[in-house]
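Student: I've just opened a structure I have never seen before. Could you walk me through it, one question at a time?

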Amino acid sequence: MSGDSSQLVGLDAGDPAGVNRRPLFGLDAEALAAQMVAAGEPPWRGRQLAEALYRQRIAELDAITTLPKPLRQRLAAEGWEVGRPQIAQVFRSVDGTERYLVQCQDAETVETVWMPEGDGGEAGDGSGQEIDDGDETGEAGKRRQRATICVSSQVGCAVNCQFCLTAKLGLQRNLTAGEIAGQVVTVFDRHGVEVGRDRMNLVFMGMGEPFLNYENFMAAVRLLVTEVGLSPQRMTVSTSGIVPGIERFAQEPPEVRPKLAISLNAPNDQIRSEIMPINRKWPIEAVMDAVRQLRLRSHERITFEYVLLDGVTDRPEHAVEVARLARKTGLPVKVNLIAWNPGPGIEYTMPQPEAVETFRQALAGEGIPTYVRRPRGRDIFAACGQLKRTVEG
Ligand code: SAH
Ligand code: SF4
């Protein structure tokens, strides 16, 4: 990552007329080729650009030396730049988790989280886990890195779940495909990730509701799969239950479809409507009907995320209801339990550790694969539902 922040804000010095800045990052190979043709170049220049942006992770147009210098200059004069979002601030947790304030071209910021060794939530689903899992060292004898990156899809969120800090921001704006995929590439860069050697999981569980920014979200996934070279089986998208989004998602080809997680969070419609007002529009059964439209890959499971709120959703009888509900879906599911992470201005209470364990045992006892997500980076406000661009470390 470059520490240069001079290009983060305001107009580019090379853009005195105030011509719109045009980011290359975010365009797919086809769109890049079309731009090259428009610039009077052969279409294969688009492939060179795609390699530079997504494989070599070059962050400055002038450093893309596969393009002739005059062409780079011409593109710059037309307002083109790489335009990848950049890490503006890093918060590091005692547990190794890092939370980044990532700055977009217009100076808007979002958050991305790096969790070394994952958070436990991606375990237990056979799909994807067996891929290149072999030895711990790559060809060069360098130790493989393992991490999970939590990616944002919107600045803020419009969904208004009562327990979530991001909801307090309201929706500021959608992120573009380049801004979503750019978070990943920028974090890869920071950690020297080698695609193919290192085992990276992506979870689209940062700020925002991915299915309310569907086009950009899926365009980002396609870039990450096709250009960056990641497997969709190592990606999970979480939704609060946006039914039309789930239905569209079910139609995506398996080569580019991430795994699906549903933020269930409650044992029944009554409690769910209280803590997630969106449930009044799309109640549990409607969400499950939509989820049933997915054609699952072998070993693939649907994840139900379940936030445990003390006294509200963490009672043993709730566990029995969740198990019944999970069975009723007829789908292969697993449950990720998340002990609620506190945040300022939210009135809930963290569940007792014994309640979490009792809940887990009850579900597991009913035959539902159940995992407790380790809270990561709570001390730096990086844990689930804590992303609110908190600048205090
Ligand atoms: N908007 C999407 C994805 C981001 S939220 C969604 O809601 O699914 C990712 C997960 O964090 C969701 O399952 C959500 O229920 C959970 N979450 C939100 N606030 C939380 C909090 N304060 N503590 C623990 N989990 C929380
Ligand atoms: Fe939005 Fe997800 Fe938070 Fe609900 S839990 S407000 S959908 S980010």
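## Charges, rings and a pocket

Tutor: Let's begin with one residue: Asp314 is buried, with a relative accessible area of 2%. Keep in mind that we are looking at a predicted model.

Student: Okay, which residue does Asp314 form a salt bridge with?

Tutor: Side chains of opposite charge can pair when their charged atoms come close. Here the closest N and O atoms are 3.1 Å apart, and a salt bridge needs them within 4 Å. The partner is partly exposed, with a relative accessible area of 31%. That partner is Arg315.

Student: Which residues are joined into one network by salt bridges that share partners?

Tutor: The structure holds 26 salt bridges. Some of them have partners in common, and one network built that way joins Glu285, Asp289, Arg292 and Lys328.

Student: How many residues apart in sequence are the parts that Glu41 and Arg74 tie together?

Tutor: Glu41 and Arg74 form a salt bridge, with their closest N and O atoms 3.2 Å apart. Glu41 sits in the loop between helix H1 (29–38) and helix H2 (44–55), while Arg74 belongs to helix H3 (residues 69–77). So the pair ties together parts of the sequence whose separation is 33 residues.

Student: Is Glu41 buried or exposed?

Tutor: The cut-off for buried is under 20% relative accessible area. Glu41 comes in at 16%, whereas its partner Arg74, at 35%, counts as partly exposed. Because of that 16%, Glu41 counts as buried.

Student: And the salt bridge of Arg190 and Glu98: how many residues apart in sequence are the parts it ties together?

Tutor: The two side chains meet at 2.9 Å, N to O. Arg190 is in helix H5 (residues 177–190) and Glu98 is in strand S4 (residues 98–103), so this pair links a helix to a strand. The separation in sequence is 92 residues.

Student: Which of those two counts as buried?

Tutor: Buried means under 20% relative accessible area. Arg190 has 32%, so this end of the bridge counts as partly exposed. The other end has 3% relative accessibility, which makes the buried one Glu98.

Student: On to rings. What kind of aromatic pair do Phe211 and Phe249 form?

Tutor: The structure holds 7 aromatic pairs. In this one the centres are 5.2 Å apart, with 45° between the planes. An angle under 30 degrees would count as stacked and one over 60 as edge-to-face, so the 45° between Phe211 and Phe249 makes the pair tilted.

Student: Where in the chain are Phe211 and Phe249?

Tutor: Both are buried, and they link distant parts of the chain, 38 residues apart. Phe211 is in the loop between strand S9 (199–204) and helix H6 (214–228), and Phe249 is in helix H7 (residues 243–250).

Student: Which residues form one aromatic cluster with Phe211 and Phe249?

Tutor: The cluster takes in the pair we just looked at, Phe211 and Phe249. Joining them are Phe204, Tyr214 and Phe217.

Student: What kind of pair do Trp340 and Tyr348 form?

Tutor: Trp340 is buried at 3% relative accessibility, while Tyr348 is partly exposed at 23%. Their ring centres are 6.1 Å apart and their planes are at 75°. Over 60 degrees is the cut-off that matters here, and the pair of Trp340 and Tyr348 is edge-to-face.

Student: Which ring does the charged end of Arg99 sit over?

Tutor: Look for a ring whose centre is 4.2 Å from the charged end of Arg99. That ring belongs to Phe91.

Student: Which helix gives the most to the lining of the second largest pocket?

Tutor: That pocket has about 190 Å³ of space, and its lining has 4 nonpolar, 2 polar and 6 charged residues. Helix H9 (284–291) and helix H10 (316–328) each supply at least two residues of the lining. With 4 residues, the one that gives the most is H10.

Student: Last one: what is the phi of Asn265?

Tutor: Most residues other than glycine have a negative phi, and most peptide bonds are trans. Asn265 lies in the loop between strand S11 (259–263) and helix H8 (269–275), and at 3% relative accessibility it counts as buried. Although Asn265 is not a glycine, its phi is positive, at about 65°.

Conventions. Residues are numbered from 1 along each chain as its sequence is written. Chains are lettered from A and ligands numbered from 1 in the order in which they are written. This is a predicted model: local features need pLDDT of at least 70, side-chain atom pairs count only at pLDDT 80 or more; totals for chains, interfaces and linings use all residues. Side-chain values use heavy atoms; hydrogens and water are left out. Buried means under 20% relative accessible area, exposed over 50%, partly exposed in between (1.4 Å probe, protein chains only). Rings of Phe, Tyr and Trp (its six-membered ring) pair if their centres lie within 6.5 Å; planes under 30 degrees apart count as stacked, over 60 as edge-to-face and the rest as tilted. A charge sits over a ring if NZ of Lys or CZ of Arg is within 6 Å of the ring centre and within 35 degrees of the ring normal. On a 1 Å grid over the protein atoms alone, a cavity is a set of points where a 1.4 Å probe fits but cannot get out, and a pocket is an open set with protein on both sides within 12 Å along at least five of seven lines; lining residues have an atom within 4 Å of a point. Grid points are joined across faces, edges and corners, and a volume is the space filled by probe spheres set on the points. Ala, Val, Leu, Ile, Met, Phe, Trp, Tyr, Cys and Pro count as nonpolar, Asp, Glu, Lys and Arg as charged, and the others, Gly among them, as polar.
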